[in-house]
Amino acid sequence: MDKVVIIGGGYAGIYALRELVKSKNIKITLIDKHTFHNLQPEVYDLIANKSNIADVTVDLTTLCAGLNHPYLEYKNLKVRQIDHNTKKIFTEEKEIVEFDYLVMAAGTRTFFPTAISGLNNADDIKKLHRAMFFKQSFENELFKKIRDEAKQCADTHIVVVGAGLSGVEIAAEMAYNSRKFFKRGKFSCDNMKISIISSSDTILPGLTPELIRISHDRLKELGINVITNTKLQKCVDKYAFLSNGTKIHYSFLIFTGGVEASKITDELDVAKNKKGQIIVNEYMQTDKYENIFAIGDMAEIKNSAGEIMPPNVTIARISGTNAGKNILNIINKKKLIKCQPKLDGILIALGGQYAAGNIFNLFHVKGRLAYEIKKYVFTSYRAPLLKLIKTGYSKLRKI
């Protein structure tokens with residue numbers, strides 16, 4: 001029986017898994033060091049108290065049980081070494097997992113440049129436990145302001161470094177949430193400041209001018225200080241030193257300036273880009289090994305025009321599904337299918353029930369309408385998973 005192993009239970013890995021379980025004659029192993037699938041785009045709702053941990057995670061044990069595949073197993077392991085010659089995966093827990101086909105789907109993590117000293121204390125909201133810590137830090141700052149407002153009203157300054165999607169969304173959500181907090185409680189010490197720093201000449205580089213304009217106007221409306229053409233040089237004693245010669249005293253700093261692939265890619269002697277992402281062909285295969293695939297954020301994926309696709313849920317879905325189909329096609333001696341990645345559009349959460357989006361590169365939306373579209377897209381993804389984990393939970397409870 002052919003053995004297929006997926007490393008990573010993120011968006012891409014889940015889509016590959018849902019395709020692979022269509023064949024009941026293969027053994028499938030899902031490996032992840034976490035016990036849950038993190039719905040990363042919705043973490044901002046968690047920070048803003050719109051949701052709880054159960055709303056932004058999917059349990060991998062119950063998900064696999066709900067898929068009802070006779071030879072599917074989930075292993076909560078940390079991968080340490082991959083040996084292609086012996087087709088074995090070695091883990092920190094000393095368990096060895098064998099494979100015939102391997103899907104690399106461990107995603108990316110925030111890249112903290114070593115040249116910027118002091119970043120070891122920055123919050124990384126790509127990790128759920130760090131997002132929880134940040135949520136508590138943010139709430140603690142709000143509490144300190146109302147606790148001390150009769151005696152002092154010290155400035156609270158939150159600095160977000162990086163003005164891509166993650167940076168813009170978290171800055172907007174914090175600004176909206178703090179404004180709502182002070183207004184609702186009628187607290188007098190309402191002087192929280194939020195700054196977002198972009199090394200580019202604009203926020204959201206690479207997006208359409210109209211989407212940038214809408215987002216920039218929204219950030220300004222929320223009172224966020226937007227600093228462009230500026231880089232963070234170092235962090236010392238709660239001061240951020242910037243390339244424009246200024247320094248900002250901050251309560252805490254969030255770094256969203258870039259990403260790098262999971263270090264698991266170091267274990268494979270295949271072509272990679274400077275971010276550590278595995279370079280794949282049109283079938284999602286690595287350059288050296290036809291039985292090893294890379295998908296989602298972990299891969300450098302190009303469209304038919306040779307353009308590198310940005311890491312997001314849409315590309316994770318397309319690449320994950322394609323890799324799953326192609327593995328089954330190899331096993332069944334069928335022709336491989338070329339991956340044809342394309343973006344349906346982009347939607348950006350901008351605090352509260354306000355969002356902005358570019359739909360199919362045809363038109364832009366903003367405000368409540370864009371927010372409702374974004375929620376619909378998320379619900380469309382989450383709903384079938386909830387159905388699966390409900391089934392899996394019932395199945396496991398009977399054991």
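Visitor: Over how many bridges do strand S1 and strand S2 pair?

Guide: Keep in mind that we're looking at a predicted model. Here S1 covers residues 3-7 and S2 covers residues 27-31. Lys3 stands opposite Lys27 in S2. The two strands run in the parallel sense, and the number of bridges between them is five.

Visitor: Which strands sit at the edges of the open sheet that holds S1 and S2?

Guide: That sheet has five strands, ordered S5-S2-S1-S9-S20 with parallel pairing. An edge strand pairs on one side only, and that fits two of them: S5 (72-75) and S20 (292-294).

Visitor: By how many degrees are neighbouring strands of this sheet turned against each other on average?

Guide: Direction is ignored for this one, and the average over neighbouring strands comes out at 15 degrees.  While we're here, helix H1 (residues 11-20) lies across S1, S2 and S5, at about 160 degrees to S1. Back to the sheet itself: the average turn is 15 degrees.

Visitor: Is Leu362 buried or exposed?

Guide: Leu362 lies in the loop between strand S23 (355-359) and S24. Its relative accessible area is 66%, and the cut-off for exposed is over 50%, so Leu362 counts as exposed.

Visitor: Why does Phe363 count as partly exposed?

Guide: Phe363 lies in strand S24, residues 363-367. Buried would need under 20% and exposed over 50%. Phe363 falls in between, because its relative accessibility is 42%.

Visitor: What is the area of the nonpolar surface patch that Leu362 and Phe363 help make?

Guide: Phe360 joins Leu362 and Phe363 in making this patch. Together the three residues give an area of about 350 Å².

Definitions and conventions. Residues numbered from 1 in each chain as written. Predicted model: local features only at pLDDT ≥ 70, side-chain atom pairs only at ≥ 80, totals over all residues. Heavy atoms only, no water. Patch = residues over 30% accessible without salt bridge, like charges linked within 9 Å, V, L, I, M, F, W, Y side chains within 5 Å. Areas by Shrake-Rupley, 256 points an atom, 1.4 Å probe, with all protein chains shown as cover. Salt bridge = Lys/Arg side-chain N within 4 Å of Asp/Glu carboxyl O. Helix = DSSP H or I, 4+ residues; strand = E, 2+ residues; numbered from the N terminus. Buried < 20%, exposed > 50% of the residue type's maximum accessible area, 1.4 Å probe, protein only. Pairing = 2+ DSSP bridges. Axes fitted to C-alpha atoms, helices over the stretch in contact; angles between N-to-C directions. Contact = heavy atoms within 4.5 Å.
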